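This report is a guide for a reader who meets the structure for the first time. Please keep the sequence and the 3D view at hand while reading.

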Amino acid sequence: MLGFVLRRIAMAVPVILILIIFSFVLMRAAPGGPFTKERALPPVVLENINAKYGLDDPFLVQIGTYLKNILFHFDFGPSFVYQDRTVNQIIADGFPVTLTYGFWTFVFAVLVGGALGIVAALKQNTWIDYLAVGFSIGAQALPNFIMAPILVLVFTLWLGWLPGGGWWGGPGDPNSYTSYLVMPVIALATSYLASIARLTRSSMLEVMNSNFIRTARAKGLPDRTIILRHTLKPALIPVISYLGPAFVGMITGSVVVDMFLSTGGIGKDFVQAALNRDYSVIMGITILVGMLTILFNLVVDVLYAWIDPRIRY
């Protein structure tokens with residue numbers, strides 16, 4: 001198992017290098033820049049700005065410096081637009097918020113979606129199954145940019161239970177910490193929850209109809225033992241393979257939630273950076289998301305190999 005993990009880590013390193021180089025080249029190839037204004041800057045001013053940020057260095061020097069700073073210092077450099085802030089500071093301000101509601105979104109989606117899928121499979125072709133499948137299809141058809149305004153309409157404007165957006169301001173805030181979590185979590189979790197429920201249901205049904213489960217039933221094993229010991233583990237393999245990228249999507253794919261609910265996460269920073277052509281911030285967030293994707297895919301591969309040892313070879 002240790003050898004398998006080390007091999008997977010060794011394979012991840014060149015992928016990260018390619019990701020950084022590709023992001024850098026792509027941003028440099030994009031037309032315009034953070035200092036491109038409707039009214040052109042005087043040439044002397046532009047030269048000074050380029051010299052300050054190292055943009056007048058040869059391309060290979062720029063990319064070498066950028067790679068070195070990230071790999072050895074995890075430093076994404078300064079923001080080209082905000083003079084007093086670095087990319088690391090921008091990420092450090094927004095990422096804890098995004099990570100917090102992304103984590104609870106993951107927990108909510110896995111627990112509710114997994115339970116829904118298991119119950120639907122165990123009650124196949126009953127009204128419970130039809131209700132669960134119908135709910136999953138409906139939830140999957142509701143993207144978060146539709147869910148967010150619906151939640152604000154219901155919980156804020158009609159019921160007055162929750163704040164309409166923002167993030168917890170500390171002990172002096174009249175609203176509780178939890179009240180700021182509810183709407184981002186539900187808005188972001190709905191489609192993931194539906195996918196997990198449908199994937200769990202279909203995987204459970206496939207395993208329950210396999211030969212070794214029929215053999216277990218023929219031997220007279222109780223249903224509870226068959227489900228807990230022989231069905232759940234193999235049925236979870238496709239679900240686990242889905243959860244790795246889904247978790248990254250939950251903690252980073254929150255642009256709509258950040259913008260609509262004003263939570264202050266990195267989704268808002270990413271959109272603002274794109275509008276301002278702040279390339280260093282765009283690259284920083286892109287590389288961070290890419291690294292998280294590689295990390296959680298690695299975790300999924302290890303879990304996958306732990307559940308099914310044949311995959312290690």
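## Salt bridges

Arg 85 and Asp 93 are joined by a salt bridge, in which the closest N and O atoms lie 2.5 Å apart. The model is a predicted one, and this distance, like the other values in the report, is computed from it. With a relative accessible area of 26%, Arg 85 is partly exposed, because the partly exposed class lies between the buried limit of under 20% and the exposed limit of over 50%.

The count of salt bridges in the model comes to four. Another of them brings together the side chains of Arg 217 and Asp 223, with a distance of 3.0 Å from N to O. Arg 217 is partly exposed at a relative accessible area of 40%, and Asp 223 is likewise partly exposed, with a value of 48%. A further salt bridge links Asp 269 with Lys 268, where the closest N and O atoms are 3.2 Å apart. In this pair Asp 269 is buried, with a relative accessible area of 14%, whereas Lys 268 counts as partly exposed at 32% relative accessibility.

## Overall architecture

Which secondary structure elements make up the chain? The chain has twelve helices and zero strands, so that, by the way helices and strands are assigned, every element read from the N terminus on is an α element. The C-alpha trace spans about 85 × 55 × 35 Å along its principal axes. The chain has 313 residues, and 40% of them count as buried.

## A nonpolar patch on the surface

On the surface, a nonpolar patch of about 1,100 Å² is formed by Leu 2, Leu 6, Ile 9, Val 13, Leu 17, Ile 21, Val 25, Phe 59, Leu 60, Leu 71 and Phe 72. The elements that give two or more residues to this patch are α1, which covers residues 2-29, and α3, which covers residues 59-73. The greatest contribution to the nonpolar patch comes from α1, with seven residues.

Leu 6, one of the residues of the patch, lies in helix α1. Is Leu 6 buried or exposed? Leu 6 counts as exposed, because its relative accessibility of 51% is over the 50% limit.

## The largest pocket

Rolling a probe the size of a water molecule over the atoms shows where empty space is left. In this model, the largest pocket holds about 280 Å³ of space. The elements that give two or more residues to the lining of this pocket are α1, α3 and α12, the last of these covering residues 279-307. The helices α1 and α3 are thus met again here, after their part in the nonpolar surface patch.

The lining of the largest pocket consists of 18 residues, and those that lie nearest its centre are Tyr 53, Thr 65, Tyr 66, Asn 69 and Pro 78. The largest share of this lining comes from α3, which gives five residues. Sorted by class, the lining has nine nonpolar, six polar and three charged residues.

## The enclosed cavity

How many cavities of 30 Å³ or more does a search of the whole structure find? The search finds one, and the largest cavity has a volume of about 50 Å³. The residues that line the largest cavity are Pro 163, Gly 165, Gly 166, Ser 179, Tyr 180, Leu 181, Val 182, Met 183, Pro 184, Leu 261 and Thr 263.

Helix α7, which runs over residues 177-208, gives the most to this lining, with six residues. By class, the lining of the largest cavity divides into seven nonpolar and four polar residues, with no charged residue.

## Backbone angles in two loops

Most residues other than glycine have a negative phi, and most peptide bonds are trans. Asn 125, which is not a glycine, has a positive phi of about 65°, and its place is in the loop between α4 (87-122) and α5 (127-140).

Arg 277, also not a glycine, has a positive phi of about 55°. Arg 277 is found in the loop between α11, which covers residues 266-276, and α12. At 36% relative accessibility, Arg 277 counts as partly exposed.

Terms used. Residues are numbered from 1 along each chain as its sequence is written. This is a predicted model: local features need pLDDT of at least 70, side-chain atom pairs count only at pLDDT 80 or more; totals for chains, interfaces and linings use all residues. Side-chain values use heavy atoms; hydrogens and water are left out. Patches are made of residues with over 30% relative accessible area and no salt bridge: like charges are joined within 9 Å, nonpolar side chains (Val, Leu, Ile, Met, Phe, Trp, Tyr) within 5 Å. Accessible areas come from the Shrake-Rupley method with a 1.4 Å probe; for residues, only the protein chains shown count as cover. Helices (H or I, at least four residues) and strands (E, at least two) are DSSP runs, numbered from the N terminus. Buried means under 20% relative accessible area, exposed over 50%, partly exposed in between (1.4 Å probe, protein chains only). On a 1 Å grid over the protein atoms alone, a cavity is a set of points where a 1.4 Å probe fits but cannot get out, and a pocket is an open set with protein on both sides within 12 Å along at least five of seven lines; lining residues have an atom within 4 Å of a point. Grid points are joined across faces, edges and corners, and a volume is the space filled by probe spheres set on the points. Ala, Val, Leu, Ile, Met, Phe, Trp, Tyr, Cys and Pro count as nonpolar, Asp, Glu, Lys and Arg as charged, and the others, Gly among them, as polar.
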